[in-house]
Each structure stands twice: as structure tokens, then as C-alpha cells.
Amino acid sequence: MMDDSLVIVSDVIAKRLEFEVLISDLSARFVNIPAGQVDREIEEALGKVRAFFDVDRCGMFEVSPEIGEARLTHLDMADGIQPVPMRIDYLRLFPWSGDRLVRNQEVMELHTRDYPPEATVDRASAEAMGIKTTLRIPLPYEGVVRHMIVINAVKEERVWPKEYLPRLRLVGEILANAMERKRADERIRQTLEEVQRLRDRMQMENVYLREQLRREDGQAHIVGESEGILRMLAQAKRVAPTDSTVLIIGETGTGKELLAQAIHDMSSRSGKTMVTVNCAALPPLLIESELFGREKGAYTGATTRQVGRIEVADGSTLFLDEIGDLSSDLQVKLLRVLQDGRFERLGSNRTLTADIRVIAATHRDLGAMVRDGKFREDLFHRLNVYPIEVPPLRARVPDIPLLVWRFVQEFNRKMGKSVDSIPRQTMERLKQYPWPGNVRELRNLVERAMIGCDGRSLAVELPAGARGPTQIPVTLEEVERKHIRDVLESVHWRVSGKRGAAEILGLRPTTLHSRMKKLGISRPKP
Ligand SMILES: Nc1ncnc2c1ncn2[C@@H]1O[C@H](COP(=O)(O)OP(=O)(O)OP(=O)(O)O)[C@@H](O)[C@H]1O
Ligand SMILES: [Mg+2]
């Protein structure tokens, strides 16, 4: 008798000692483990606890009382035991127990058959999981229950010595602490990544800002008072404050980029730099990494990480110049960005998002490209939300003197010259020239003339082949005849249709025909 009770007492002491060793072993292991190993170590620890208690399941839950959730995060089970799903929502399956849990009430041992009548949901869940007895300890962190450790007996009902409870709580606290540390580590890493991303972005933005300053040279505003330019500016003003996509169409050198900049400057995004991508300037792979960015090693030769311009343009305007030259692969990818603002860097599968306003420009006829299967119709419709056409210079003759003077002033300043007059005859010739290269050609011509000019009067030489009048026409009829003929020549004698002479002159084709007849204008025989 005496001996028997002695054996039992020493058994209990031995068992307690075993637990003590387990705890000191765990706390030593968890002191300094790296975040990446936490999950594995927790599972291993749960295995030891389960072995010590000689039970069937042992799990850790993460509790968010704010959103009414408790999710199983780690689990160890005996072989041959009915598995439970890894992500069970405790508070939903055990509302009665959950209520006690968030109030930090522990359960020493609850046999499933002993659930009170108001806990029918809990009882049903426990039965479905084959649970016979539960031991559950809430683990508060800063006064709120954030975790819990749970032990289930499945094979048979069990009863555990009361004194195990505080020790099990200690184990739970060690594990919960490790999880919190891992969480904090992750948050720090995310913050660092974000800081890195912002720093990359800021550097890029600075580069663009400098490029932009150089390009603009403080001269961003659009010169012109012709009907065509005023109509264009009115459209720009209307669409600028919206976030709508703008498609700018116009011949080369007409001022498409200038207009895009003006729209950005008038928009609510003007505080940030407009970011430009020229879709025709580079081979498709390079355009792709320019646009979307790439990770180091994304392809052969990609030795560094690059932040894409879409990312840089977050919160600003992305100007896609020469959009008609975008390869069909990139058309698909761009469509996705335009649809939901999502994209990935090359060589990465992490999806990034950007809030961008898109302005696209092209000198091509996108509608015709769609018909020929060279441009995706869906992308075209995405871009063609608000089209603005920049008229060619020959269709806005009244702007020519204004532009000439504007450029003369610019080069006077830059070259230290003092040109202040232009012969009337010269200006007339400039107005009659058809300007296939539009404003850029005009600007280059003025620049060239200014370089060769030392006096105050500017002599301009028109390109060879340009037909200047041998004498200045005097009557209105002569001016009219000359002008109509020049316009007709500039469009290869096409009278009607888009950009035909009639449209440029603002006449109906039939009216133009009768005017030509009256003035004796006919197409020269080749
Ligand atoms: N209305 C204007 N007023 C003042 N400068 C202008 C105007 N239009 C164009 N320019 C100037 O003409 C040049 C060409 O303009 P821009 O680059 O915007 O044309 P673009 O249509 O984008 O040409 P491309 O099709 O060749 O890319 C620039 O130097 C620009 O500043
Ligand atoms: Mg351009």
C-alpha cells in the first residue's frame, strides 16, 4: 500500500520533471531562431507537447477578435487520426467556446458530451471532428487574446492533472511570442521593401525631371491662334481635369508631345512629372522592360534591377508616344494595365499596381491598322476614349508668322542675336510652303537661318524643291489661285476625303471644284 502510493508520487514527479525539461528546452530553442524557421520549429514543439500529453491532436490558433476570426496556423496529429482542415475558423465552428475564449477563459477539460444545451453548434463541430475531450488555453498579448493552444483527445475521453495547465500556458506563450516576432520581422521587411521601392522611384523621377527640364527649356506653351489650334486647345482643356485616356493624332512634328505635356500640366496630376515612353525608339524587349521594369537576371544581359516607367508614373501621367509602333505582344500587356492597373516586372511574378492616366500619341491611322489586323481592336477602343487631332501646319497658315517670331525670339536669346525683322516676301513664302515636317521643320529652318544671320533682318532659305513665287501676287484672285494650287500640291491633288485639299481649305469638294474651274487650276499632266 505504502509502496504503491510512493510509486505514484514518484511517477508524477518524473512526469513533471519531463515537462520542465521540455519547457526549458523550448525556451532555449526559440530565443534566437530566424523568422524563416519559426513555423517548422513550432510544429516540432507541438509534436513534443502532443507526445508528452499522449493525445491525438495539438494545434496553435491565431485569434483576431476584431474581425471575429480564429484560424488554425500549426497542427500536429497522431497517425491514423481523422485529419482536420488546416484552415478552420474556430469562432465560426465554436461560437459558444469562442465567446469564452476572447474573454480569456481557459478550459481544462471539456468532454464533448458535456457541452451545455446552448452550445449545440460547438457540440456538432466537435463531434464532426471526432473530438472526445478538449483542453484549450487562450494566450493574451497586450491584454487581447491573440493566440491559443488547443489539445484534443480523439480516441477516448481524457483527464489531465490540473498542475499541467500553467506549464502548458508557458509553452503556448513561447510559441505565440515566436509567431509575433516573425510577424514583426515580416512587417519590417515589407517596410524596407517599400522604402527601397520609393527610393528607386524617386531616383527615376529625378532623372525624368531633369530630362524634361532639358527638353522643355522652360518653353512649354503652345503657340497659335488659328481656328484649328483653338479647337484643339478647347478639347485639351475639357479633357485635362478628367482622368480619361486621351489619344493624340497628328502628322510628324505637329506638336503632339507638346500637347500631351499641356494636358498633363492642366490636370490634377501636374504636381508629378509626366513620364514618357517612346514605343518606337527601342526593340520590343527593351521597351517591355522600360515599361514594366525587370528584376536582375530577367533575361540575358539584364544585370541590374530596373523600375519600369509605369511604376514611376504611379499617381501621374504616362505618355505613350508612337503607340502605333507597339509590338503585338506588348499591346496585350498594355491592355491589361489599362484595364485594371496591374502588371508584373519582367522576371518576377509579383503583381504590382499603378494608378496612371494615359495619354497616347501616334502619327499613324490606328483605325486602318485595326482593319489590317496590325493593331488590337480592344486596345484601340481603350485608347480612343477621347481623340484629339493636331492639325498639320499647312492647315493653320495664320499660325506660321506667330511660330516664326516665337522661334526667332528663342534663338535670339540662345545665340545672343538681335534679329527683329523679316522681309514681307520671306514671310509670304514661309506661309505658302506646305511644311511636310510641320512645326519641327519650321523650327529647324528658323534655327538654321539664325545661325547664318548676323544682322537684324532674317533671310530664310526654303528647302530645295519648295516652290516660292517668282513674284509676289498682287490681286486677291492671284493669292487665292496660288494658295489653292499650293494646298492641292501638298496633298498630291487629292480634293476630297480626310486631309484632302477641300477639308484643309474648309470647303466642300464640289465648291472647291467649281472654284478651281473658275480660277483655271487643273492638275498638271505628268
Ligand atoms: N504650337 C506650337 N507652339 C510652339 N512650339 C511648337 C508647337 N507645336 C510644335 N512645337 C515645337 O515643335 C517641335 C515638335 O513638336 P513635338 O515634338 O511635340 O511634335 P510631335 O508631333 O510629337 O512630333 P513627332 O511626331 O515627330 O514625334 C517641338 O520643338 C515643339 O516644341
Ligand atoms: Mg513626338
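**Ligand 1 and its surroundings**

The chain of this predicted model is divided into domain 1 (22-185), domain 2 (216-391), domain 3 (395-471) and domain 4 (473-526).

Colleague: Lovely to have this to look at! Between which domains does ligand 1 lie?

Modeller: Look at which domains give residues to the shell around ligand 1. Both of the contributing domains do so, and therefore the ligand lies between domain 2 (216-391) and domain 3 (395-471).

Colleague: And which helices each supply at least two residues of that shell?

Modeller: Happy to list them. Each of these supplies at least two residues of the shell around ligand 1. They are α8 (256-265), α14 (399-415) and α16 (438-451).

Colleague: Which residues come nearest to ligand 1?

Modeller: The ligand has 18 residues around it. By character, the shell divides into six nonpolar, five polar and seven charged residues. Those that come nearest are V223, T252, G253, K256 and R440.

Colleague: How far from an oxygen atom of ligand 1 is the polar side-chain atom of K256?

Modeller: Let's take the backbone contacts before the side chain. A backbone N or O atom of G255 lies 3.1 Å from a ligand oxygen, and a polar backbone atom of L258 is 3.0 Å from an oxygen of ligand 1. For the polar side-chain atom of K256, the distance to a ligand oxygen is 2.5 Å.

Colleague: With those contacts in mind, what percentage of the accessible area of ligand 1 does the protein cover?

Modeller: Good one to finish on. Start from the ligand on its own, which has 630 Å² of accessible area. Of that area, the protein covers 86%.

Notes: Residues numbered from 1 in each chain as written. Chains lettered and ligands numbered in written order. Predicted model: local features only at pLDDT ≥ 70, side-chain atom pairs only at ≥ 80, totals over all residues. Heavy atoms only, no water. Near = heavy atom within 4 Å. Polar contact = N/O pair within 3.5 Å; in protein donor to acceptor, adjacent residues only side chain to side chain. Areas by Shrake-Rupley, 256 points an atom, 1.4 Å probe, with all protein chains shown as cover. Helix = DSSP H or I, 4+ residues; strand = E, 2+ residues; numbered from the N terminus. Nonpolar A, V, L, I, M, F, W, Y, C, P; charged D, E, K, R; others polar. Domains from an automatic or database assignment.
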